[in-house]
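Visitor: I would like to go through a protein structure step by step. Where should a first-year student begin?

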Amino acid sequence: MSSPLSDLAIPVIAAPMAGGPTTPALVTAAAQAGGVGFLAAGYRTAEGFAEQIATVRATGVPFGVNLFAPNPVPVDAAEFRLYANTIRADADRYGIDLSGDPVENDDEWAAKIDVLLADPVPMASFTFGIPEPGVVAALRKAGTVVIQTVTSADEAKLAVDAGVDLLAVQASVAGGHSGTLTPSRVPPSIPLVDLVAQVRAAVPLPIVAAGGLSTSADIAAVLHAGAVAAVVGTVLLLTDESGASAVHKAAIADPARTETVVTRAFTGRPARGLRNHFIDRYDAVAPAGYPALHYLTSPLRKAAAAAGDPELVNLWAGTGHRHATAEPAAVVLTRLAAGL
């Protein structure tokens with residue numbers, strides 16, 4: 001199956017950033033600049049996901065989508081309740097009720113796959129888990145190129161066994177959630193170029209590389225290491241087309257915020273963001289448990305964002321966040337591809 005990635009004028013992909021930052025406008029801008037963008041299905045309803053697909057499809061540009069494949073981390077009920085009680089003081093500041101039971105769901109997985117089979121898209125990528133081989137085969141039969149996020153050579157081998165077409169190799173410096181298949185463990189800190197080389201040595205599939213890429217030199221390095229394209233996300237958070245919240249954008253632009261850390265405090269699954277009060281106070285005591293912790297803390301995070309309070313918000317960001325700039329996405333992507 002031929003890949004739309006082989007026809008890119010610039011080998012740069014706008015990452016799917018779930019929770020709001022990736023918009024149809026950002027995906028469209030990436031394609032119009034000569035790259036390609038991926039919509040983020042995570043945390044959207046299947047209906048909302050389909051609407052975003054229709055919006056981008058109407059522009060006539062190539063694009064992809066990203067789904068969270070089921071790989072739940074069931075939370076221990078006692079640990080969940082203890083954590084809810086631990087963060088209660090901050091939740092009370094915003095009148096957030098934390099008395100509910102843990103929410104465990106699969107992000108409308110089956111309904112979203114139905115959307116893709118009913119109206120196939122050019123590319124579909126998967127994160128957190130690997131779809132069943134039958135799902136991969138059905139998507140490929142429908143004409144969709146299937147891409148799997150992996151964080152190690154061992155995960156890449158599992159993805160090959162499932163029948164995917166390409167691999168998105170993600171380093172630990174990436175902003176937002178790690179795509180690791182074993183979220184009980186934080187992936188080791190391996191330079192992206194080395195990780196690409198390890199995966200290339202282990203499996204024969206084409207690779208796109210993700211994690212901390214924020215300059216043209218970064219992108220040139222991963223292409224030299226054998227990736228067919230580079231994935232950028234954090235560097236696009238301040239662009240005109242970004243849907244990131246105002247408090248998130250302000251934190252990314254704040255020169256006083258210099259450190260990113262990996263934490264499970266917000267969602268129960270490892271994710272990298274700008275260090276703040278919530279991480280400092282709760283990271284050490286946060287249990288593993290996704291999506292239960294995500295749903296537990298979500299109302300508090302939304303309330304804090306609405307109030308302009310960055311200390312209780314998941315400020316997802318990769319290690320290259322200082323390179324993010326407030327300008328059109330096409331300008332950023334063109335600059336990143338300069339000289340390649």
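Guide: Begin with a definition: a residue is buried when its relative accessible area is under 20%, exposed when it is over 50%, and partly exposed in between. Keep in mind that this is a predicted model.

Visitor: Is Arg-281 buried, partly exposed or exposed?
Guide: The relative accessible area of Arg-281 is 45%. Buried needs a value under 20% and exposed a value over 50%. Arg-281 therefore counts as partly exposed.

Visitor: Which residue meets the side chain of Arg-281 in a salt bridge?
Guide: The N to O distance of this salt bridge is 3.7 Å, and the cut-off is 4 Å. The partner lies in helix α4, while Arg-281 lies in helix α11, 191 residues apart. This partner is buried, with a relative accessible area of 2%. The residue is Asp-90.

Visitor: How many residues apart in sequence are Asp-309 and Arg-93?
Guide: Their side chains form a salt bridge at 3.4 Å, N to O. Asp-309 is buried at 12% relative accessible area, whereas Arg-93 is exposed at 52%. Asp-309 sits in the loop between α12 and α13 and Arg-93 in helix α4, so the pair ties together parts whose separation in sequence is 216 residues.

Visitor: Which residues do salt bridges with shared partners join into one network?
Guide: One salt bridge pairs Asp-90 with Arg-281, and another pairs Asp-309 with Arg-93. Shared partners connect these residues into one network. Its members are Asp-90, Arg-93, Arg-281 and Asp-309.

Visitor: Which residue forms a salt bridge with Arg-140?
Guide: Arg-140 is in helix α6, and its partner is in the loop between α7 and β6, 25 residues apart. Arg-140 is partly exposed at 30% relative accessibility, while the partner is buried at 12%. The closest N and O atoms are 2.7 Å apart, and the partner is Asp-165.

Visitor: How many salt bridges does a search of the whole structure find?
Guide: The pairs discussed here include Asp-90 with Arg-281 and Arg-140 with Asp-165. For the whole structure, the search gives a count of ten.

Visitor: Which residues touch the most other members of the largest nonpolar core?
Guide: This core has 95 residues. One of the two residues in question has contacts that include Phe-38, Leu-116 and Met-123, leaving out residues up to four places away in sequence. The two are Val-65 and Leu-167.

Visitor: How many residues are in the other core?
Guide: This core lies apart from the largest one. Among its members are Leu-5, Leu-8, Ile-13 and Ala-15. Its residue count is 15.

Visitor: What is the volume of the largest cavity?
Guide: Its lining has 14 residues, with Ser-172, Ala-174, Gly-176, Ser-178 and Val-262 nearest the centre. That lining divides into seven nonpolar, six polar and one charged. The volume is about 70 Å³.

Visitor: Which elements give two or more residues to the lining of the second largest cavity?
Guide: This cavity has a volume of about 30 Å³. Its lining includes Leu-67, Phe-68, Trp-109 and Lys-112, and it divides into four nonpolar, one polar and four charged residues. The elements are β3 (64–68) and α5 (109–118).

Conventions. Residues are numbered from 1 along each chain as its sequence is written. This is a predicted model: local features need pLDDT of at least 70, side-chain atom pairs count only at pLDDT 80 or more; totals for chains, interfaces and linings use all residues. Side-chain values use heavy atoms; hydrogens and water are left out. A nonpolar core is a set of buried Ala, Val, Leu, Ile, Met, Phe, Trp, Tyr and Cys residues joined through side-chain atoms within 4.5 Å. Buried means under 20% relative accessible area, exposed over 50%, partly exposed in between (1.4 Å probe, protein chains only). Contact means heavy atoms within 4.5 Å. On a 1 Å grid over the protein atoms alone, a cavity is a set of points where a 1.4 Å probe fits but cannot get out, and a pocket is an open set with protein on both sides within 12 Å along at least five of seven lines; lining residues have an atom within 4 Å of a point. Grid points are joined across faces, edges and corners, and a volume is the space filled by probe spheres set on the points. Ala, Val, Leu, Ile, Met, Phe, Trp, Tyr, Cys and Pro count as nonpolar, Asp, Glu, Lys and Arg as charged, and the others, Gly among them, as polar. Helices (H or I, at least four residues) and strands (E, at least two) are DSSP runs, numbered from the N terminus.
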